[in-house]
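Colleague: I am new to this structure and should be grateful for a close look at one part of it, set within the whole. The model I have in mind is shown here.

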Amino acid sequence: PRHYVASYNFIASGSDQLGFTSGDALLVHAKPSSEWWWAELRGVKGYVPASYLCQTGDAGEEDEIEDPWQDEEYFGSYSTLRLHLEMLSDRSRTETYRRVVVSNRASLRNKAVMDLGCGTGIISLFCAQLAQPSVVYAVEASAMAEYTRQLVRQNGCEEVIRVLQGRGEDIQLPGKVDVLVSEWMGNCLVFEFMVESVLSARDRWLREGGVMWPSSAALALAPCQAHDYFAEKMAFWERPYGLDFTPLQPLAQQEFFTKPKFSHVMEPSDCLASPRHVISLNMYTLQIKDLEEITGQFDFPVETSGTFHGFTAWFAVYFESLDAGGTTVELNTGPNSEPTHWKQTLFMLDQPVSLNTGSSVTGTIVLRRNPVWRRHMSVTLSWNISGDADNWCPQSGTKTFPMWR
Ligand SMILES: NC(=[NH2+])NCCC[C@H]1O[C@@H](n2cnc3c(N)ncnc32)[C@H](O)[C@@H]1O
């Protein structure tokens, strides 16, 4: 963050704007655009007009406008093998995409396909190797694209696959495509918000009546116990080495339970109620503006008495057949399916609550996209425990988890 002083008064006109008086010292946290910056004044944050401010201290040295998509860091992370190895090593994920190609091989004949965010090109290679599309546009923004070209040649697919290095938003295709396939899913389905790039490519390049793979997506949720995680991060401070370290527990709650826990492996037996799909996305009708705030409702009848430590979330995506009436292929990242590299995401409550069968946990989940950092979001879970008269614990609560900003 950098210090600026206000040269003029500014009256805020939107709920997300920050008003100030000439002479105020503001802290600028981010510069998502050259017109509006994200700043703080006396603990309040909001958008401010950049032209009203001038830098204090080392004036003149203008720091670069930060990219709200953090594309340099994002695509940088995909230019090394680490993430590609993780994804390719995820057999459930990769075999599912292969199964989609194989079960649609006849209908893929002579079709034009776009593989958005192809990475090493695995999906494109499946298409060219296991079916006979007329062309596959393999689009990849990171430096990996150079190697993807080599892999295409190495596997004799250069007749069919054309690797285009660039962002899906920027590249030009010679024509529209019949199928838009992508592996865009992040934690809690939308983290990283690559889904926006997929929708942008759909609107630009998918022909009328073309097919989206995945065709739909769902976020699943369940109230759960997480005894191991709670013991490891919170109960630990009760009596380490015979000493009482409980004054550290508020710190532990802040440090370990404020953000969601990625890559959590939940046992099916940890579920206190049958998991539900709380959010469903239709990839044909979903609009980019819908991504700003996605809300789901839930009502979980408690089936297993136990300790309600938090909620666990995961996703499933569905690939409809190119043939009317053909079978839909599912990729499910939940605790009852083949493990995947996404595993599940655990949201820990501040205080565990004991739950008895007969009660129910009802409430909402809201995914709110970060207005400044466009690949980030927050998840707000609000719950109400009803139908358990003899329970003295707090009956309702709400908690907002940043992912990550
Ligand atoms: N499932 C995920 N969470 N990530 C897996 C796919 C991500 C791959 O798509 C590439 N990628 C991501 N966004 C884009 C984009 N807009 N244009 C081109 N390539 C992209 C990225 O460089 C990486 O190789």
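Which domains does the domain assignment of the protein chain give? Within that setting, please look closely at helix α9: which of the residues of helix α9 are buried?

Modeller: This is a predicted model, in which local features need pLDDT of at least 70 and side-chain atom pairs count only at pLDDT 80 or more, while totals for chains, interfaces and linings use all residues. Residues are numbered from 1 along each chain as its sequence is written, and side-chain values use heavy atoms, with hydrogens and water left out.

The domain assignment gives domain 1 (2-55), domain 2 (71-183) and domain 3 (217-403); such bounds come from an automatic or database domain assignment. Between the C-alpha centres of domain 1 and domain 2 the distance is 43 Å. The protein chain contains nine helices and 20 strands. Here helices (H or I, at least four residues) and strands (E, at least two) are DSSP runs, numbered from the N terminus. Along the principal axes, the C-alpha atoms of the protein chain fill a box of roughly 65 × 65 × 40 Å.

Of the 405 residues in the protein chain, 52% are buried. Buried means under 20% relative accessible area and exposed over 50%, with partly exposed in between (1.4 Å probe, protein chains only). Contact means heavy atoms within 4.5 Å. Among contacts between residues at least 6 apart in sequence, 72% join residues at least 24 apart.

Now to the helix itself. Helix α9 covers residues 249-257, and its buried residues are Gln249, Ala252 and Phe257. Seen down the axis of α9, these buried residues fall within an arc of 80 degrees, so they line one face of the helix. The arc is that of the directions from the helix axis to the C-beta atoms. As a general background, an α-helix has 3.6 residues a turn, so residues three or four places apart point the same way. On the other side of α9, the exposed residues are Pro250, Leu251, Gln254 and Glu255. The cover over the buried residues of α9 includes one helix, α8 (227-233), and two strands, β17 (344-355) and β20 (396-403).

A residue in another strand, His309, also has partners in the cited range of β17. His309 lies in strand β15 (residues 306-319) and is buried, with a relative accessible area of 3%. Apart from neighbours within four places in sequence, His309 is in contact with Cys224, Gln225, Ala226, His227, Phe230, Phe347, Met348, Leu349 and Pro352. For one of these partners, Phe347, the separation from His309 is 38 residues in sequence and 8.4 Å in space, C-alpha to C-alpha.

The strand β20 leads on to an unusual bond. A cis peptide bond joins Met403 and Trp404, with omega about -10 degrees, and Trp404 is in the segment after β20. Another cis peptide bond joins Trp213 and Pro214, with omega about -5 degrees. Pro214 sits in the loop between β10 (206-213) and β11 (216-224).

Two residues deserve mention for their backbone angles. Cys188, in the loop between β9 (177-182) and α7 (194-205), has phi near 55 degrees, a positive value in a residue other than glycine. Cys188 counts as buried, at 3% relative accessibility. Phe193 is also placed in the loop between β9 and α7, and its phi is near 55 degrees, again positive in a residue other than glycine. Phe193 is buried, with a relative accessible area of 1%.

Helix α5 (residues 122-130) offers another view of burial: seven of its nine residues are buried, and the helix is mostly covered. Those buried residues are Ile123, Ser124, Leu125, Phe126, Cys127, Ala128 and Leu130.

An exposed loop residue completes the picture. Asn110 lies in the loop between α4 (105-108) and β6 (112-116) and is exposed, with a relative accessible area of 57%. Not counting residues up to four places away in sequence, Asn110 touches Gln132, Pro133 and Ser134. Asn110 and Ser134 are 24 residues apart in sequence, yet 4.2 Å apart in space, C-alpha to C-alpha.
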